[in-house]
Structures are given as structure tokens and as C-alpha cells.
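Thank you all for making the time this morning. I would like to walk through one structure with you, and I will put it on the screen before I say anything about it.

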Amino acid sequence: MTETPLIGSALIDTAVAQAAESPLAGARIGVVTFPGSLDDRDAARAVRIAGGTAVELWHAESGPEALRGVDAVIIPGGFSYGDYLRAGAISRFAPLMEQIVRAAGSDSAANLLPVLGICNGFQILTESHLLPGSMLKNDHLKFICRDQKLRVENNSTWWTSEYAAGQEITVPLKNQDGQYIADEKTLDALEAEGRVVFRYVGANPNGSRRDIAGISNAAGNVVGLMPHPEHAVEAGYGPESASGRSTGTDGLGFFTSVLNHLVGGTK
Amino acid sequence: MSGERQTVETRKFNIDTVEHAAHTPQTSLPWAELGLKENEYNEVVKILGRRPTAAELAMYSVMWSEHCSYKSSKNHLRQFGDKVTDEMKEHLLVGIGENAGVVDIGDGWAVTFKVESHNHPSFVEPYQGAATGVGGIVRDIISMGARPVAVMDPLRFGAIDHPDTARLVHGIVSGIGGYGNCLGLPNIGGEVVFDAVYQGNPLVNALAVGVMRHEDIRLANASGVGNKVVLFGARTGGDGIGGASVLASESFDSAKPSKRPAVQVGDPFAEKVLIECCLELFKASVVEGIQDLGAAGISCATSELASNGDGGMHVELTKVLLRDPSLTPGEILMSESQERMMAVVTPDNVAAFESIMDKWAVEYSWLGEVTDTGRLIIEWDGEKIVDVDPRTVAHEGPVYDRPFHRPQWLDGVQADTFTSSPAAAGRPADGAALAAAVLELMASPNMCSKDWVTDQYDRYVQGNTALAMPDDAGVVRVDESTGLGVSISTDANGRYSYLNPYEGARLALAESYRNVATSGARPLAVTDCLNFGSPEDPEVMWQFAESVRGLSDGCRELGVPVTGGNVSLYNQTGGVAIHPTPVVGVLGVFDDVARRTPSGWVEDGQAIYLLGTTADELDGSEWANLRGHLGGQPPKADLSLERQLGGILINGSRDGMVDSAHDLSEGGLAAVLVESCLRFNVGARVSVAAVCERDGVDAFTLLFSESQARAVVAVPRSEEIRFTDMCTARAFPAVRIGIVDAESGSLHVQGQFELSLAELRVAHEGTLPRYFG
């Protein structure tokens, strides 16, 4: 698998050129494609815009080589396997997921693989037990697509360090099964350990418990959320920001956070 | 999973072979039940020189149906080709007749787009009908060699408060979302209209756009003797049998049994995988010709591929992978199971083809090969069940010159103008009445916010959406390195077409063209979905003929060609036809979508200009509709004025002279002022006195009339002189009517009324949630 652009071949050269100039280009971030993944190319574009190098990963690859030596992994949005059975329930059994689960939960703290699950990726992470809880159909039973305001509750994860704690950001939300649930004990533990990373601000869009939009594992290397930061990285194609008109790029911080971690290790 | 052979033993039928048919001329066949007329059946017998086999009858019946053969419309549709000028051909790469038209947008990029109907299936089974409508049009786009990049859905429902409307709205909207969202295609626009004439016959049209490099264009033909024919994608099942012939080509009759089994069932996941797998096939150049399976399934794919290519094909039908092993050969040929494609592959590429199928876990079976015999031969376990000249199936079906005449009632309708009617009594005269009228208009079913619908569609996926509903047109970027992109709008007004079908079609074209120009794009090409009643009714046929004449004339006047589309007839319940509804989609191009013009005001202090002039043209308007009146003549469509206006809007966008723009159409200036305020919650102060005086109309007429070739733009202070100079130089009327006021939080029409944005928003956004939850 080579890196393929969204459309056509012009992009590869541009992306490579950009990446080569970026001090962050040395960081290679894998983007997984399952049958039915939709936002994989968008996540790869977000990595490139943030200055990193995006690497395609294929769900069916097995063995340690399957991860192609990437420094971090994004499991993108979409309807992998058509959401049949239950969102994420089939994808979690992909050979590649075995490698991701092992690397993300590695005993050695120094070698933890950073993993970001977006929307369907979040659902796959809960099905894989890298993150607790699960997702139900939205409480209003409809698909919803809207610009969603979130509060960053925890900026000490690998994927949120470029944000200020309490910062409010706007990124698109688009899903059918976005209602986060877990038992009360788990929810209490998540809160106590600061693992609620994002909360919905304003009206709760889907009935998620305690307005939770995204959570992390205990080590902070694995983060999952329902909204789509990769759709808020490029002015002109993002959500409506305070200045109006699809100029919002609040999602970029996810990608610069992990890249800075990987390259600088400073934050 | 490849080439797995079904156990033929379990599938023994009394096979009606060609040989058997030749020896049993007296056998009676159910041609009438399959939708053929007696003269058509006799023609089949004449072509074959014997009675058809059951399988041949199945093929002819679906391929000669109205839906597949265009037998009533063909004679009229010729005008789209006949009236094409050299100017219009300039950007055309593939015209009418293929799965979809293709236009050149520069830099080696091509765009293909098309709109189609799925009206009848969506009434019978709203979710699946609407879902498979999206699926079908997307496969048309893929089979041209393109990656689909966006969809749009023009929808028309019955009265918003009719007890059956909620069933259709919920089912159709969630069907479109459920399928399109799962394919990863941004839904960037469309229409939602409510009118009692669509009560028993909603219109569910679906448009898709795809992009490709010029060299990637693929056509549906089977060339190269000895090349292999392969069927891939989903298995063939019993769904959609007779969909095209029985469902799409007849009027509804409540006395007959439910036609639900004739509706296909969609699997969007299978289609998403099919998209990726086809794009990989194209990239690897392993297919010679490709055709999607839609209406008429394998009958259509085999006969069209064969007759477009070297003229012959040999197929073994028992090799078709089935979901239901009890299907008869005729049913297999007619099945409209979704998510299937047929391709022609050279023997050298068979292994490469199979490895791509295996990578995506897509099932396939090799059915046969291309021949030069001029015959399409289909065998069932070695016994010949079809032996036909494929051209007689695909292209040489019956053509009807249906009688048509102008309805006598039309004179009376056209004489009954709104302004002279009792419905106009008590028309709003003072500021308070105008304010109430604006609120009523903006809360009305057709003018209210459609967020309830569009929030159920993903507009972000693929990351290239630059404009989407509620902007005038949908805009997507095609090339990330240059910003090259396209703009698309679909429009129709059934009331205008009812009053005057010739003008109605030109008005639909004018609005769609204006919307694309308003976004800043240069209009290039047209697709249409012509929704009408029964062609067997001479008055409906007249409406159809007039609409085609109007649309083809209009295209020539604007210099944009029709590249493809769809005709949907028999849209009626009992004896009552829908309004003639020609939906027109216009595609335009931007050198750089960063230059697009959004609707809605943002910057405080910008000057608001009204372009164009306003006359008393309330006939057929939304306001007249609210007062229950439909009569008179629709607004005048002056396409040379539209061209001038388009030029101003496109230049204004390219040179940064306009910051926002909104076209005036249904609901007139009142709707545009309110929508421009609510888009980003920014108010305005407007004065209409000077324009009223110039145009000789009162404030009510200025606000509610639907005169054409108008737009409202916001111009930055620094650009005002340049902008007005441009309008003056082009002798196009432009008047400054107000100023953007970011602080006021209201729409203030000076001397008339002031409405707070909060109040307007409640009115505008409350309607659909109130009816549909």
C-alpha cells in the first residue's frame, strides 16, 4: 500500500514536499482503513496539514510488520462493515486490531503507541476494550450532522496537549450511534481519574451520559471521541467559527499535539 | 468465493428453450402482466420470427418499458441534441446516451453528473426506495470511471399536514441519509417542497457528481472478441423484480395489490466496498468496459454492453451467484438487486481482476464472453434460452409519437391572475401587516428552514465541501493543489410549469443557472429529471413536449448543454397527474473554490445591493400559494438578462468585489433578506422606497414578487465603486438598498417594520420540527 491522495496524483508531491520541510515530518502516523471506513483520507490529510507523514494501514494485515513501524495510529470514522451487528463489533476482530491493542497497552510506558479513535474509531476502541463504555443510537434516533462545541476537560493526553484545559473548541459531529454509555461506577472512575477528555457544551446532541464526548485510557495515549477533529483543520472546509463561514480549524490541535509529543517529547 | 458453481440439480425448471419456443408457437405468454402492449408483443414475435421464450419475454418487457426505453419521450428528447451549438459542445467529453454525461473542467480533470428519479419505489417503501435511488445514481457515476464526490436530493412531498406525509418524510430522509452517509458522500444540497399535488406520488430525485482524470473515462461497451464478461458485487435476489416495468412505468391504482416486492433493498456497505474496488480496477486498468446494474438488471447490462460493443455476447446464466436459489431464469434476468456491476475483462487481466476482488472481499462470477456474432446468447446449463439481436432489446424498442394537445382549461387558469383574484384581497399594505406577512412566509412549509432534513446528511465527509445547504449551490473542491472545483444546484417549480410548461422549464433552468453563478462558478452543463404524469394523457403529453421544448431552447440561449438525465412518467394517482416538474441541475466550475461566494451576511457595514428589477409577478408565487391561489402566468424568463446577471456575479466573486450573494427566487426579496440575516445571525438595515419608485411597485410587491434575474449582494466598502462601475458598464440595474448591521440583531426595513432575528429564527426554524419531531 502506498500513500494515495484523495483525488488524483498532484497531491502526493505537494504533501511530500510539505512534509519534508516540516520538523514534524519524521513522525509517521498510521491511518487504518477497514471496509466501510469513510474518513480515512480526511484523517490522513489532517496529519499532513499538521506537518506529519500519514501512512496507510490495512485492516487485514497481520503480524508485527502490519503496523509498518508507525509512531501513532488513527482509527478513522465511517461505517466499517456497515455497522452491521453493532458499530465496531466486527472491526475489532481485524488482524491489525490485535497489533494495535497490544502496542497501545504495552507494559512499558515508554513504548506506548498513541491511538486516536474518531467516531467509528471510538466505537471500535470500546469494542476492543481499549476504552470503557459503549455507544447507543442517538436518543432522538436520527443521524445528526452539526458543528458541535466541546470543552477540553483534560489537556494532558497525548492528543490534547496543544489545548488549554477548559478551552472550548468547535468541530463537526456526524453520527447515528453517538450516545455514550457506561455504568455509574465506570463513569465515576472516569471522572475521578480525569479521563473524561471532552464534554459537549450546550444542548447534549445525543443523550450521552454526563455530556461525555470523548475519553482516554489511564495512560493517556489512547483517546476516543465521537466528533470529528479531522474535519476542522483547513479554513474553507471546516465548521463555522466565530468569524463565520467554515473557517474553523479547532481540530488541528489533536494532530499537532501528538506530533509534538513524538518529535519533541517536550509537552 | 469466486466462480462458485451453484448446484444446478436443485434448480431444474421447465426451461423454455429457444428450440422449444420454435416448436410451440401457440403457447400463450403473460406479456400483458409484464407490462407489454399487444402491438409490442407482436413486434417481438416479428423480430424473432417466432414466439419469445419466457426469458426473452422477460428481457423485452423490462427493456421496452417506459422507464428503460424512453419510448414516449424519445421523439421529444432529440431536441437536446439537435439544438446543441458548437459553443455548447466546447466542454463536452461525453454526451447523452451513456450512463452519465462528462464535462471537461480543465487541468485534465473531468466531471460527470446526473440526476435520476426514484419516485414510485419511494412511495411504496420510503426508506428503501429513497436509499436505492442514491445507490443507483452513484453506480452510474462509478461506471463512467469516476470517484463519486457528492450527492444532492430534490424532494417533493404532499401537504405537510396530511396524515401520510410524515411517513414519507421520515422514511425518505432517513433512507437518503442512511445510504449516502454510509457511502461517505457529502450531501451538499437539493430541494424540499410540499404541495398537495404530490400527495400520492412524492418525487424523490437523486443527483450524484463524480470526478476523474480525462484518461480514466470508461464507457459501457463490450469490445474485443474473447474478452470475459464478469458479474460482481452483491448476489442476485428476488428483490426489485419488475421494478422498472411494473412500478416505474404505470400509474398507481389503489385497487391493485401492494407493489412492495417490486422495490429493491439496499446495502450501502456493499456499495461502498464496490466503489473502492471499482476505483482500484480503473487505476489498475483491468476493465475494458463496465456497466452498472440498475433498472432491468442483467437484461439491461448484457444487452447494452453487447449492442454498444462488438455486437455479440455469450452468457451462461447458471453462473450467476444467487441469494435465492429458487429464482427462475426470467427472474434472474429481471431482478433489480442492488450493488451489482458487470465488466468486460481481457483474458490477460483475469488474475489481476480476481486479486482486486479478493482484496475487497467482493464476490464475482465469470458469466461468459464477448463474441462477434451479433447475437446475445444466454444459456441455462447449456440450453439456449435467449437468442436475440441485442440492439433490438436495448436500442430498437418501440417509439411512440403520442398525441398531445394544449389543455382547454389552461386559458381559464392563465386568465385568473393573483392580483385580480379575491385571494389578493387584504394584501399587506402597512408595516405591521408586512412584518406579519414576512413571518408567515418564512414559517411556511416551502420557505421554512430545511435544517431538520439536511442535519441528517453528512456534508463534511471527504473534506472538500466548500458550500452546502442552505447556500444557493453546493460547492466541492476537486483538486487540492489548485483549488479547482465545481458548483451544482438543482431547481424546479411545479406551479410555474403548471401555469406554463414552456416557461416553467426555462424558469427552472434560469434559477439553477443563477444559483450556480451566485456561488461564483461559471455554468458549464445541465442534467435534468423530467417528472410528469401519464404520457397516455394528451394533456400531460403536451406539458411534457412544451417542457422539453422550453428547456432545450433555454439551454441554447444560455449556451449550456444537457449532458444526460432521466424521464419519469406516470407520476399520477388515479386520473390526477402531478404538476409538471422538470428538475434541472446545473454544474459550474471555479478555477479556485476559495473564491466562492457564500450566502449570508457577516461583515458589519458592508453595502447591500439589489441587482435587477421587480415587476408585479405574483402569479404562481409562494405568497399566492399561501393564499390558495394558482393562476395567471409565471414570471417572465429573460435568459439574456440571466446571462448578464451571471457575468456580474461571477466577476464579482473572482475579483473579490462581493462578499456574499443570494439569488432571488421563491419567496422573493423578503425570503432573501431574512435568510441572509439568519445565516450567520447578522442583521441589516434596508430601505426599499427608492427601488419601489424606480420599478413602479409597492413595498409588498417588491418584497414578495418573484421576478427573475435578480440577486442581492453584499459589497465591502472598499469595492463599492469598482462594483457599481461594473454594473453601470454592463448596463445592469443595481441599487444600494441597505447596509449590514452586525450589532442590531434585527432586520429593519425602514419605514415599514423591524423584526428581531430571534423572532424570525423561531418562525423559520420551528416548522419542520413541529410536524416531524
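Let me begin with a question: leaving aside its neighbours within four places in sequence, which residues is B:Asp292 in contact with? Before I answer, please keep in mind that what you see is a predicted model, and that everything I say about positions and contacts is computed from it. With that said, the partners of B:Asp292, once those sequence neighbours are set aside, are B:Asn99, B:Arg139, B:Asp140, B:Ile142, B:Ser143 and B:Met341.

One of those partners, B:Asp140, deserves a closer look, since UniProt, in an unreviewed entry, lists B:Asp140 and B:Asp292 together under "binding site". These two positions are spread over 153 residues of sequence, and yet they cluster in space, with a largest C-alpha distance of 6.3 Å. B:Asp140 sits in helix H8 of chain B, residues 126-142, whereas B:Asp292 belongs to strand E8 of chain B, residues 289-292. B:Asp140 counts as buried because it has 26 C-beta neighbours inside 10 Å, and B:Asp292 is buried as well, with 26 other C-beta atoms within 10 Å. Not counting residues up to four places away in sequence, B:Asp140 touches B:Asn99, B:Ala100, B:Lys114 and B:Asp292; B:Asn99 also appears among the contacts of B:Asp292.

B:Lys114 takes us to a further annotation. The unreviewed UniProt entry also gives "binding site" for B:Tyr70, B:Lys114, B:Asp528 and B:Gly565, and I will concentrate on the last two. B:Asp528 lies in strand E17 of chain B, and B:Gly565 is found in strand E18 of chain B.

How, then, do these strands stand with respect to each other? E17(B) and E18(B), the latter covering residues 562-568, run parallel and are joined by 6 bridges, and within that pairing the bridge partner of B:Val526 in E18(B) is B:Val562. E17(B) also pairs with strand E21 of chain B, residues 581-590, this time in the antiparallel sense and over 9 bridges, with B:Cys529 standing opposite B:Val583. Of the 10 residues of E17(B), which spans 522-531, 9 are buried, so the strand is largely enclosed by the rest of the structure.

Within that setting, B:Asp528 is buried, with 32 other C-beta atoms within 10 Å, and its contacts beyond four places in sequence are B:Val115, B:Leu551, B:Val562, B:Gly565, B:Pro582, B:Val583, B:Val584 and B:Gly585. B:Gly565 is buried too, with 28 other C-beta atoms within 10 Å, and, on the same exclusion of neighbours within four places in sequence, is in contact with B:Lys114, B:Val115, B:Thr527, B:Asp528 and B:Cys529.

A third "binding site" annotation, again from an unreviewed UniProt entry, names B:Glu116 and B:Asn566, which are spread over 451 residues of sequence but cluster in space, the largest C-alpha distance being 5.3 Å. B:Glu116 is in strand E3 of chain B, residues 109-117, while B:Asn566 is in strand E18 of chain B. Both are buried: B:Glu116 has 25 C-beta neighbours inside 10 Å, and B:Asn566 has 22. Beyond their sequence neighbours within four places, B:Glu116 is in contact with residues including B:Gly133, B:Ile137, B:Cys529 and B:Asn566, and B:Asn566 with B:Val115, B:Glu116, B:Ser117 and B:Cys529.

Let me now step back to the wider arrangement. The domain assignment divides chain B into domain 1 (1-69 + 220-386) and domain 2 (409-566 + 585-772), whose C-alpha centres lie 45 Å apart. The largest nonpolar core has 321 residues, and A:Val73, B:Met63, B:Val230, B:Val486, B:Leu509 and B:Val674 touch the most other members; this core draws at least three residues from each of the two domains of chain B.

Finally, there is the contact between the chains, which takes 30 residues from chain A and 34 residues from chain B. On the chain A side, the elements giving two or more residues are helix H1 (10-21), helix H2 (40-49), strand E6 (144-152) and strand E7 (168-175), and by class that side has 14 nonpolar, 9 polar and 7 charged residues.

Notes: Residues are numbered from 1 along each chain as its sequence is written. Chains are lettered from A and ligands numbered from 1 in the order in which they are written. This is a predicted model: local features need pLDDT of at least 70, side-chain atom pairs count only at pLDDT 80 or more; totals for chains, interfaces and linings use all residues. Two residues are in contact if their C-beta atoms, placed from the backbone, lie within 7 Å. Helices (H or I, at least four residues) and strands (E, at least two) are DSSP runs, numbered from the N terminus. Ala, Val, Leu, Ile, Met, Phe, Trp, Tyr, Cys and Pro count as nonpolar, Asp, Glu, Lys and Arg as charged, and the others, Gly among them, as polar. Domain bounds come from an automatic or database domain assignment. UniProt positions are given in the numbering used here, feature names are shortened, and annotations may be inferred rather than shown by experiment. A residue is buried if 20 or more other C-beta atoms lie within 10 Å of its own, exposed if 12 or fewer, and partly exposed in between; C-beta atoms are placed from the backbone. A nonpolar core is a set of buried Ala, Val, Leu, Ile, Met, Phe, Trp, Tyr and Cys residues joined through C-beta atoms within 7 Å. Two strands pair if DSSP finds at least two bridges between them.
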